Structures are given as C-alpha cells and as structure tokens.
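The following exercises, each with a worked solution, are to be solved with the sequence and the structure at hand.

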Amino acid sequence: MWTIPKPRYKNGSAGEESEDEIAVNIGGVRVVLFGDVLNRYPESRLAELVNCSPQNYDGILSLCDDFDPGRNEFYFDRDPDAFKCILDVYYFDEIHIKRGICPICFLKEMEFWKIDPSVLDECCKSDLSEKEVELKEIASKVLLILEDMDSEPPVTRSERYQRFLWKMMEKPGSSLVARVVAIASFLFILVSSMVMCVGTIPELQVMDDEGKLVEHPTLEAIETACILWFTVEYLLRLASSPNKLHFAFAFMNVIDFMAIVPFYVVLSLTYLGTSAMMELANVQQAVQALRIMRIARIFKLARHSSGLQTLTHALKRSLKELGLLLMYMGVGIFVFSALAYTMEQSHPETLFKSIPQSFWWAIITMTTVGYGDIYPKTTLGKCNAAVSFLCGVIAIALPIHPIINNFVVFYNKQKVLETAAMHEVELMELKSGRSARRTSATPGDLQQPRARTAQ
C-alpha cells in the first residue's frame with residue numbers, strides 16, 4: 001500500500017482541508033487518497049466516489065468494480081501504472097504519459113476516470129495525434145485487405161466481372177493472372193522507354209520523303225504495340241474502378257493518361273491533319289513537344305515498385321530539409337557569383353561578363369560539377385572558387401542525414417503498419433470463427449460437457 005501525500009495548494013494549505021480519505025485498489029495495488037484532493041476535479045470518477053453515500057450500494061458499484069464495506073476499500077480492475085499518471089492531474093493540473101504506456105490505451109483510461117483530455121501535456125498530445133494517424137492508416141490497410149478477401153461478395157454478374165477486373169489490374173498479389181498482368185505491364189514500360197531512347201540514335205534512323213531523319217519503322221511498330229497495351233490497361237482499370245471520378249484525378253492515373261495522350265495527338269496531327277497545317281512551324285514544335293512527353297511513362301514504374309513509392313513519401317516528409325538546402329544553395333550562389341564577378345573584372349580576358357552569367361559558374365562549382373566552360377583567372381577569384389566549393393559540399397551534406405533518416409523511419413513504419421493490419425485481420429477472423437462456433441453449437445452439445453464433468 002502506498003499513500004499519496006497531501007500537498008500545499010496555491011490557494012491554501014493542506015491542513016485547512018477536510019480529512020476525508022478513501023482506499024482504492026487498482027489492479028492489486030492499494031492506494032489511500034484524500035477527499036479534498038480528489039474534489040479539485042468534482043466531475044471525475046474518484047470525486048464522485050468520495051461524495052457518494054456509503055448506504056448507496058448501487059451507486060458505489062456503478063462507479064467501481066467491487067466494494068468492501070468492512071475495509072471501506074474500492075476495487076478497480078484497471079492498469080496501476082496508468083493510474084499513477086492519472087493522479088498527477090489532482091496535484092499538478094496536468095498529465096504526462098510515462099514511457100511504455102500506449103497513448104490510445106491511456107486515453108481510454110482517462111475516459112474511464114472521467115478526466116478531460118485537455119489536461120494532457122503538449123508533448124503527449126503530439127504523440128497521441130501520431131498514434132491516431134497510425135490507427136487510421138492501419139484501418140485503411142485493413143479495409144484494403146478485407147476487400148481483397150471478398151468480405152462482401154458481389155451479387156450480380158456485372159459486379160463479379162468488375163471486381164475480377166479490378167483485382168486483376170490493381171492487386172498483383174490476388175491471383176496468378178493478376179501477377180502476370182503486373183509483370184507484363186512492367187516489361188512494356190521498360191520496352192517503351194528503351195525504344196524511346198534507341199529511336200534517337202542517328203544510325204538507327206531512316207530518311208523520309210522530305211529527307212528528314214525519322215524513327216525506324218520497326219521501332220515505331222514496337223512503340224505502337226506498347227501504346228495499345230497502355231491504352232487497354234487504362235481503359236480496363238477505368239471500367240472496373242468503383243469510383244470513376246476519384247480514379248480519373250488520382251496522381252498516378254493522371255501520369256498514365258499523359259503517357260498515352262501524346263501518341264494519339266501526334267497520330268491525329270500527322271495522318272488526319274492537312275499538309276498545310278503540318279508545314280506550320282508551331283505545329284511541328286507541338287508534335288516534338290508531345291513526343292518528349294513520352295518520358296512520363298517511366299513514372300509508371302512507381303505503380304509496380306514499393307521502393308519508389310516509399311522514396312516519394314519520404315521526399316514529401318523531407319520538404320523542410322529540401323527547402324533549407326535550396327535556401328543555403330541560393331544564398332551561396334548569389335554571394336559567390338557576385339564576388340567572382342567583382343574579383344574577375346581586373347583581368348582583361350575575364351569570362352565573367354555579368355552577375356547573372358556568374359550564377360551558372362557558382363552552381364556548377366558549389367555542386368562539385370565543374371564543366372570548365374567558365375573559370376576564374378585571378379588569384380582572388382581562385383580563392384573565392386575554393387571557398388565556394390567547400391561551402392557547397394557542406395551545404396549539400398547537412399540535410400542528407402535527415403532525409404535518409406526520414407526514408408528509413410517511413411519504410412520501417414510502413415512495415416510495422418502492414419504487420420499490424422495483418423494481425424488485426426487475423427483477430428477479426430478469430431473472433432468471427434468463435435462467434436460462428438457459438439451460434440452453430442446446439443443446446444445438446446453444450447450439455448454434454450456438463451454431463452461428463454458431473455460423471
């Protein structure tokens with residue numbers, strides 16, 4: 001047994017208060033509490049218990065799990081470690097969650113003891129918000145797993161076909177066919193990207209009727225086959241999507257659409273447009289720009305790579321560090337380019353014609369690239385270049401560790417969330433199995449064990 005001391009309050013001393021006290025047993029730990037202390041929060045469960053009449057046995061049992069009138073002791077089947085934190089609010093007007101206690105479980109403890117969550121310390125509130133976000137992510141992952149398990153089987157034939165197409169195109173792990181489709185899509189992306197690169201080699205290009213170099217017909221045929229695959233894949237995913245509007249405006253689906261559209265626009269301008277229109281320089285530039293947009297197909301790899309998705313989320317979480325890096329580099333580029341321009345003006349063959357032109361030199365120097373197209377020729381200019389080089393290395397190296405740490409933390413967190421979601425699904429299956437066995441058991445089955453024990 002341990003007794004909480006009576007502190008001195010701001011508005012009076014402990015000796016001026018009443019001497020009512022109660023004994024509570026929290027999970028086997030007996031604690032003696034003073035009534036005047038508990039009445040500081042009259043709406044809490046302990047304060048209601050202090051003010052409850054001993055003759056009101058039903059009222060007492062509604063506030064605690066059990067009551068011993070002889071010892072005047074109240075029993076609670078709760079966590080004693082969490083209760084120690086709960087008691088802090090009566091003495092310090094705030095609660096700090098100790099290490100090792102789950103914030104979500106502690107919030108339920110506060111709800112049981114009727115303590116307002118606003119008394120939590122600020123650091124504990126941030127931990128609680130993080131845990132709530134994690135629980136929402138786990139819930140979303142559980143929903144996805146339940147959808148894959150066909151928790152609600154489709155009714156009509158069209159719904160069955162739609163779900164089959166959706167799982168085949170979006171869930172590679174759902175079946176062998178879906179896995180084959182995902183691998184084929186991945187290979188088509190690689191082939192299309194390689195064809196785009198190989199088609200720019202002059203030795204593999206052919207001359208058209210106007211004497212211009214164009215892509216080889218074989219490469220164009222492969223490109224057309226890839227585009228047809230991408231088009232069919234996009235249309236099937238759109239047709240099987242349960243929410244067409246959300247599908248159309250999703251980021252990855254916008255990339256898929258942008259990777260398909262240039263081919264058909266170029267095709268319409270080339271074969272359906274008039275010859276006079278194709279002779280316009282603006283139209284030809286638009287066609288070239290649309291061909292360049294084919295590089296968006298490489299971003300389709302992120303759909304089939306969890307590592308790229310993790311890297312994208314890690315970069316989103318590191319926007320502050322990336323912003324600091326850009327700020328450091330921007331300040332350094334401005335300062336060192338201005339110094340380089342000033343110091344090189346005394347040389348008759350200076351390569352620094354203006355400060356904006358010196359920006360390029362500062363960028364390639366601070367990033368340790370150094371093309372050599374522009375360089376200082378004076379002694380002061382070379383010293384400035386050495387300092388800018390060192391400052392660039394330091395500026396780039398400083399935010400690297402936080403970015404890597406964010407990547408590792410996010411990757412490990414995703415693994416933990418996936419494992420927690422799987423455990424949650426297993427618990428749901430276990431509970432549903434127990435309830436099914438209870439409902440399927442007959443009264444005779446329940447009486448047989450009793451008969452055996454009686455024998």
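**Exercise 1.** Determine for Cys 52 whether the residue is buried or exposed, and establish how many disulfides a search of the whole structure finds.

*Solution.* The model is a predicted one.
Step 1: the relative accessibility of Cys 52 is 17%. Buried means under 20% relative accessible area, so Cys 52 counts as buried.
Step 2: the closest cysteine sulfur to that of Cys 52 belongs to Cys 64, at 8.9 Å. A disulfide requires sulfur atoms within 2.5 Å, and the pair is therefore too far apart for a bond.
Step 3: Cys 124 has a relative accessible area of 3% and is likewise buried.
Step 4: over the whole structure, the search returns zero disulfides.

**Exercise 2.** Describe how strand β5 is paired, and identify the residues that stand opposite Phe 74.

*Solution.* Step 1: β5 (residues 73-76) pairs with β2 (residues 21-26) in the parallel sense, over four bridges. Within this pairing, Phe 74 stands opposite Val 24.
Step 2: β5 also pairs with β4 (residues 66-68), here in the antiparallel sense and over three bridges. The bridge partner of Phe 74 in this case is Phe 67.
Step 3: β4 and β5 form a hairpin with four residues between them. In its turn, Asn 72 has a positive phi of about 55 degrees.

**Exercise 3.** Which residues have the most contacts inside the largest nonpolar core, and what surrounds Val 24?

*Solution.* Step 1: the largest nonpolar core has 39 residues, and Val 24, Ile 95 and Phe 106 have the most contacts inside it.
Step 2: with neighbours within four places in sequence set aside, Val 24 is in contact with Val 29, Arg 30, Val 31, Leu 33, Leu 46, Phe 74, Phe 76 and Phe 83.
Step 3: a second core, separate from this one, has 13 residues, including Met 329 and Ala 362.
Step 4: Phe 106 lies in helix α6 (residues 103-112), where Pro 103, Ile 104, Glu 109, Met 110 and Phe 112 are buried as well. After α6 comes Lys 114, with a positive phi near 60 degrees.

**Exercise 4.** Classify the packing of helices α8 and α9.

*Solution.* Step 1: the axes of α8 (residues 157-170) and α9 (residues 176-198) come within 7 Å and cross at roughly 45 degrees.
Step 2: roughly parallel applies to angles under 35 degrees and roughly perpendicular to 65 to 115; α8 and α9 are therefore oblique to each other.
Step 3: the contact is made by Lys 167, Met 168 and Met 169 of α8 with Val 177, Ala 178 and Val 181 of α9.

Terms used:
Residues numbered from 1 in each chain as written. Predicted model: local features only at pLDDT ≥ 70, side-chain atom pairs only at ≥ 80, totals over all residues. Heavy atoms only, no water. Core = buried A, V, L, I, M, F, W, Y, C linked by side-chain atoms within 4.5 Å. Buried < 20%, exposed > 50% of the residue type's maximum accessible area, 1.4 Å probe, protein only. Contact = heavy atoms within 4.5 Å. Pairing = 2+ DSSP bridges. Helix = DSSP H or I, 4+ residues; strand = E, 2+ residues; numbered from the N terminus. Axes fitted to C-alpha atoms, helices over the stretch in contact; angles between N-to-C directions. Parallel < 35°, antiparallel > 145°, perpendicular 65-115°, else oblique.
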